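Dear colleague,

I am handing over the structure we spoke about, and I would be grateful if you could look through it before reading on. My notes come after it.

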Amino acid sequence: MKTMPNIRFYIENHLKNKGYKLQQFSEIADINVGTLSAIIKGTRLISMNQLDQITSAMGLERGYFYDMYGVECFIESAPHWRRLEPFLYRCAELGKLDIIQQVITHVTDDQSYFDELFDVAESLFNKSMNEAALILYECVADSEKYQHSERLALCQYRIASENTE
């Protein structure tokens with residue numbers, strides 16, 4: 001089975017194709033050279049800000065690597081809320097709802113994320129990013145184990161009101 005190229009592969013190719021030394025690219029991307037080196041070696045996970053900086057420095061549109069990032073950080077490895085939360089917001093901002101759906105399906109195995117997912121859904125709803133919020137509300141509602149909870153009722157209300165518009 002052939003493995004798909006990862007983000008590091010694309011960064012390395014970009015450096016090679018442009019003839020950049022690591023130091024040059026770190027200055028263009030405005031990322032510490034040691035940090036960039038660790039990201040490329042795979043010894044350090046990339047943050048959302050770093051991903052956006054690298055993507056911009058490569059001349060690609062914002063969100064270009066989000067699908068790969070979702071797979072690498074949340075599906076192929078254990079998700080961490082510190083990375084997941086900004087990822088959800090950025091995907092919502094760019095309308096990458098399919099990526100939110102794909103990632104959320106995998107992270108909901110961990111029951112500990114439901115409080116945070118609900119909070120993000122509320123925040124997105126309050127920012128009028130209702131389609132993204134709806135994905136999170138449905139996820140939380142589907143997994144709510146206390147079937148008479150206030151949170152479940154609010155999720156169901158938001159879902160119903162969104163579906164009637």
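What follows is a short account of a helix pair, the cysteines and one aspartate.

Please keep in mind that this is a predicted model. I began with helix H8, residues 114-126, and helix H10, residues 150-163, whose axes come within 12 Å and cross at roughly 35°. The crossing in which H8 passes H10 is left-handed. On the H8 side the contact is made by Phe114, Asp115, Phe118, Glu122 and Phe125, which meet Arg151, Leu154, Cys155 and Arg158 of H10. Sorted by character, the residues of this contact of H8 with H10 comprise five nonpolar and four charged ones, with no polar residue among them.

Cys155, which belongs to that contact, is buried, because its relative accessible area is 0%. The cysteine sulfur closest to that of Cys155 is in Cys139, and because the two are 9.1 Å apart, they are too far from each other for a bond. Cys73 also counts as buried, since its relative accessibility is 6%, and its sulfur lies 11 Å from the closest cysteine sulfur, that of Cys91, which is again too far for a bond. In the structure as a whole there are zero disulfides.

Finally, Asp98 is a residue of helix H7, which spans residues 97-107, and it counts as exposed because its relative accessibility is 59%, where the cut-off is over 50%. Although Asp98 and Ala132 are 34 residues apart along the chain, their C-alpha atoms are separated by 9.4 Å.

With best regards

Technical notes:
Residues numbered from 1 in each chain as written. Predicted model: local features only at pLDDT ≥ 70, side-chain atom pairs only at ≥ 80, totals over all residues. Heavy atoms only, no water. Axes fitted to C-alpha atoms, helices over the stretch in contact; angles between N-to-C directions. Helix = DSSP H or I, 4+ residues; strand = E, 2+ residues; numbered from the N terminus. Left-handed = near helix turned anticlockwise from the far one by under 90°. Contact = heavy atoms within 4.5 Å. Nonpolar A, V, L, I, M, F, W, Y, C, P; charged D, E, K, R; others polar. Disulfide = S-S within 2.5 Å. Buried < 20%, exposed > 50% of the residue type's maximum accessible area, 1.4 Å probe, protein only.
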